[in-house]
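Subject: Two-chain model for you to look over

Dear colleague,

I am passing on the structure we spoke about, with the sequence alongside. Please open it first, and then read the notes that follow.

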Amino acid sequence: MASIAANPPKRPSSTVREILLLILIRTAYALLTLFLVSIVVFVISGLLPGDAAQEMLGQSATPGQVAALRHEYGLDLPAHIRYLSWVRGMFGGNAGRSIVANMPVSEIIADRLPNSLVLAGLTTAIAVPLALFIGIYSAVKRGTLIDRALNITTLSMVAMPEFLVATIGVLIFAVHLRWLPSITLTSKDTTWGEFLRSYALPVLSLAVVVIAQMARMTRAAVVDQLGRPYVEMAVLKGVPPRRLILWHVLPNAIGPIANAVALSLSYLLGGAIIVETIFNYPGLASLMVNAVTSRDMALLQTCAMIFCGAYLLLVLIADVAAILANPRLRSQ
Amino acid sequence: MSGAGAVTRQQSRMRSFFAELPLAGKIGFALVVFWLAVAVLGPLLAPYPVGAFVTNDVFEDSSIHHWLGSDYLGRDVLSRLLLGARYTIGLALGGAVLAVVTGTALALFATVNRGWTDEALSRFMDTLISIPSRIFALVLVAAFGSSLLLLLLIAAIIYMPGNYRIARSLAVNLNEMDYVQVARARGEGSVYVAAVEILPNMLNPLLADFALRFMFIVLLLASLSFLGLGVQPPDADLGSLVRENVSGLPDGALAILAPSVAIATITVGVNLLIDALPGRTRSVPAER
């Protein structure tokens, strides 16, 4: 990478070791945060006395019945023991039993997780190239009318609630044009055409905010590079604009851009909650919403930890990208 | 006389503030003023009582009697929207005020005490920031429920750590300034230093951060109500209106479009205004 070559390569092996150490420290920091987050999630969700055992047996249950059911699910053990067995269980792939569905939590999640990953994957595949194009294009055209128009558009899109995007999408593509179904139904024997058509609106609703956020951060990263002396040098040298962007600027902006991509993708986690619900999509986020409604704490805790883990992973990737890209950060 | 003079000066300052905004900022400012007015006056302007069944047709289109059509039970959408905006904006204002006041107070406390107080508080806030806001909201609602007061508190808890982080970084920088050092050397107590020397100098960025938190909370509460976990019937905020009428989605009913557009114009308006504020350097963070 160009930024590494710019450093005086006196002792390359020690620089590599320093970078690895820094990445290791960031990883350890992320794991520590995940541990603290798990305590917060566990404490909050166990704070009030009413639990699913009470909820399941209803008003007429005798205290004895409730106590027996609580004992069966281990809800009567001291908090720190429940916490330890919960954490141990999660690492072993056994996250406890859902008291409402009467199934192991891991089975329910194994059923839903692939759906969420497909939705997130499709959205990423569409959002990243489009956002990078918009971001780089408006950075190159900075100050022009088209850049200002794109700026206001993305600025508005960042603050857009998903259900408005979903509603407008349905209105245009399902009601007026009749191109797309308004409800996502996935079954085993769908053709590729049906598959893509049924995913189009959920992916669109999720992608709008991600694209806007990512494009804004990409633009900022590229504009930052365009103000550097080496760009001026290249321009004075007579490098054609296309080559200037592709060969000189982008290699230097790749770190900040990767950082922007990872941070923007973390938005998918929250957006999925609305989009999966509005389109009746059987993913992890709508599962978590159901767990809240039925006060199914074992399921809720596990879903929350999966989302928090995914978020911390994306932030870690963003951090590492920033470290790899910026030689000054490495010495901190 | 002097009172009148002050008013005109204030007016002309307001006018020049507005005049100096770029076009997008003017639009944002207008949207914000419009919605604040709706939140205050809305119920007085409502053409029908909020819960009244005014027509036999559900999901009616716009007409002279019902500007925004009718909802899934044949109630007037405009009337419900005018009152719903009061819930959305009121709760979000309350939540944002609470988040910014506690976040900034804790940040000042950490800054003047330094040492392990600062260390422990910052560590704790970093942990809370690492929980995606909507996931955090779901866990809190599952644990505590969702009365109006709880929703306000939940919103404040979720967006307080972000304000703490910004206020702390502002306060730590100001704490190193000469005039603060002088005040310390004079023997002023930490409360005086925090409240008189540091706080007044961070008000402008804090105001922008307040607007940002307000926007986040509007979106968060709208999402929660949309999921049926926010404002509970018979109360209805804008998110609840979207949820109630979700059965009109396949037909693209006006009853679901109108409250969605209302939420979007509030949040987009605030966002355009924040972006146009003078002296802003940061971009909007991905905290949503």
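Of the contacts in chain A with a separation of 6 or more, what percentage is accounted for by residues 24 or more positions apart? The figure is 73%, and for chain B the corresponding share is 69%. Please keep in mind throughout that this is a predicted model.

The two chains

Chain A has 332 residues, of which 39% count as buried, and its secondary structure consists of 15 helices and two strands. Chain B, with 288 residues, has 48% of them counted as buried; there are 11 helices in chain B and zero strands, so that reading from the N terminus one meets α-α-α-α-α-α-α-α-α-α-α. Along the principal axes, the C-alpha atoms of chain B occupy a box of roughly 75 × 55 × 30 Å.Where the chains meet

The contact between the chains draws on 48 residues from chain A and 45 residues from chain B. On the side of chain A that touches chain B, at least two residues each come from α2 (12–45), α7 (145–158), α8 (162–176), α9 (192–226), α11 (241–265), α12 (267–278), α13 (284–293) and α14 (297–325) of chain A. Sorted by class, that side of chain A holds 36 nonpolar, 10 polar and two charged residues.

A residue to look at here is A:Val41, which lies in helix α2 of chain A. Is A:Val41 buried or exposed? A:Val41 is buried, because 23 other C-beta atoms lie within 10 Å, and the cut-off for a buried residue is 20 or more. Apart from neighbours within four places in sequence, A:Val41 is in contact with A:Gln301, A:Ala304 and A:Met305, and also with B:Val139 from the other chain. A:Val41 and A:Ala304 are 263 residues apart along the chain, yet their C-alpha atoms are separated by 7.6 Å.

Helix α13 of chain A

Eight of the 10 residues of α13(A) are buried, so this helix is largely enclosed by the rest of the structure. The buried residues in α13(A) are A:Leu284, A:Ala285, A:Ser286, A:Leu287, A:Met288, A:Val289, A:Ala291 and A:Val292. Their cover includes α6 (105–140), α12 and α14 of chain A, together with α5 (133–144) of chain B. Just after α13(A) comes A:Arg295, which takes a positive phi of about 50°.

Helices within chain B

In chain B, the axes of helix α2 (residues 23–45) and helix α11 (residues 254–276) come within 7 Å and cross at roughly 135°. That angle falls outside the ranges for roughly parallel, roughly antiparallel and roughly perpendicular pairs, and α2(B) and α11(B) are therefore oblique to each other. The crossing in which α2(B) passes α11(B) is left-handed. On the α2(B) side the contact is made by B:Ala24, B:Gly25, B:Ile27, B:Gly28, B:Phe29, B:Leu31, B:Val32 and B:Trp35, while α11(B) contributes B:Thr265, B:Ile266, B:Gly269, B:Val270, B:Asn271, B:Leu272, B:Leu273 and B:Ala276. By class, this contact has 11 nonpolar, five polar and no charged residues.

Helix α3 (residues 77–113) of chain B has 37 residues and reaches 53 Å from its first C-alpha to its last, which is close to the 54 Å expected at 1.5 Å a residue. α3(B) is followed by B:Arg114, whose phi is positive, near 45°.

With best wishes

Technical notes
Residues are numbered from 1 along each chain as its sequence is written. Chains are lettered from A and ligands numbered from 1 in the order in which they are written. This is a predicted model: local features need pLDDT of at least 70, side-chain atom pairs count only at pLDDT 80 or more; totals for chains, interfaces and linings use all residues. Helices (H or I, at least four residues) and strands (E, at least two) are DSSP runs, numbered from the N terminus. A residue is buried if 20 or more other C-beta atoms lie within 10 Å of its own, exposed if 12 or fewer, and partly exposed in between; C-beta atoms are placed from the backbone. Two residues are in contact if their C-beta atoms, placed from the backbone, lie within 7 Å. Ala, Val, Leu, Ile, Met, Phe, Trp, Tyr, Cys and Pro count as nonpolar, Asp, Glu, Lys and Arg as charged, and the others, Gly among them, as polar. Axes are lines fitted to C-alpha atoms, for helices over the stretch in contact, and angles run from 0 to 180 degrees between N-to-C directions. Angles under 35 degrees count as roughly parallel, over 145 as roughly antiparallel, 65 to 115 as roughly perpendicular and the rest as oblique. A crossing is left-handed if the near helix is turned anticlockwise from the far one by less than a right angle, and right-handed if clockwise. The expected span of a helix is 1.5 Å times one less than its number of residues.
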